[in-house]
Amino acid sequence: MDRWGEMYYLGMDTNADNRIDNPEPEGPKAPAFLNTSMMVYSSGPDRDPKTWEDNVCSWR
């Protein structure tokens, strides 16, 4: 659980290409893929994973 009592979201590269689809909506700050084998994020203080402004992400 994160510090706000919500679960963490995990993503793993299951085909060993070192790329994971970026869960964050595409935009100037968000690439389509993350060049990593694993990523983690939490929904942040507002506890809503769809509002990315306050989400805590391992790739930013």
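From the N terminus onward, the elements of the chain follow the order β-β-β-β-β. The secondary structure of this predicted model thus consists of five strands and zero helices.

**The chain as a whole**

The C-alpha trace of the chain spans about 35 × 25 × 15 Å along its principal axes. Of the 60 residues in the chain, 27% are buried. The chain exposes about 4300 Å², and carbon and sulfur atoms supply 52% of that area. Contacts between residues at least 6 apart in sequence can be divided by their separation: 36% of them join residues at least 24 apart.

The charged side chains comprise 6 positive and 11 negative ones. The centres of these two sets lie 4 Å apart.

**The salt bridge**

How many salt bridges does a search of the whole structure find? The search finds one. This salt bridge is formed by the side chains of Arg60 and Glu24, with a distance of 3.5 Å from N to O. The pair connects distant parts of the chain, since its members are 36 residues apart. Arg60 belongs to the segment after β5 (56-57), while Glu24 belongs to the loop between β2 and β3.

Are the two partners buried or exposed? Arg60 counts as exposed because its relative accessibility is 51%, and the cut-off for that class is over 50%. Glu24 counts as buried because its relative accessible area is 12%, and the cut-off for that class is under 20%. The salt bridge of Arg60 and Glu24 therefore joins an exposed residue, Arg60, to a buried one, Glu24.

**The surroundings of Glu24**

The loop that holds Glu24 runs between β2 (20-21) and β3 (33-34). Which residues does Glu24 touch, not counting residues up to four places away in sequence? They are Ala30, Trp52, Trp59 and Arg60. Arg60, the salt-bridge partner of Glu24, is thus also one of the residues in this list. Trp59 appears in the list as well, and the side chains of Glu24 and Trp59 are joined by a polar contact of 3.4 Å.

The two side-chain pairs that involve Glu24 are set out below.

| Pair | Kind | Distance |
|---|---|---|
| Glu24 and Trp59 | polar contact | 3.4 Å |
| Arg60 and Glu24 | salt bridge | 3.5 Å, N to O |

In summary, Glu24 is a buried residue in the loop between β2 and β3. The side chain of Glu24 makes a polar contact with that of Trp59 and a salt bridge with that of Arg60.

Key: Residues are numbered from 1 along each chain as its sequence is written. This is a predicted model: local features need pLDDT of at least 70, side-chain atom pairs count only at pLDDT 80 or more; totals for chains, interfaces and linings use all residues. Side-chain values use heavy atoms; hydrogens and water are left out. Helices (H or I, at least four residues) and strands (E, at least two) are DSSP runs, numbered from the N terminus. Buried means under 20% relative accessible area, exposed over 50%, partly exposed in between (1.4 Å probe, protein chains only). A polar contact is a pair of N or O atoms within 3.5 Å; within protein, one must be able to donate a hydrogen and the other to accept it, and residues adjacent in sequence count only if both atoms are side-chain atoms. Contact means heavy atoms within 4.5 Å. Accessible areas come from the Shrake-Rupley method with a 1.4 Å probe; for residues, only the protein chains shown count as cover. Lys and Arg count as positive and Asp and Glu as negative; His and the chain ends are not counted. The place of a charge is taken as NZ of Lys, CZ of Arg, CG of Asp or CD of Glu. A salt bridge is a side-chain nitrogen of Lys or Arg within 4 Å of a carboxyl oxygen of Asp or Glu.
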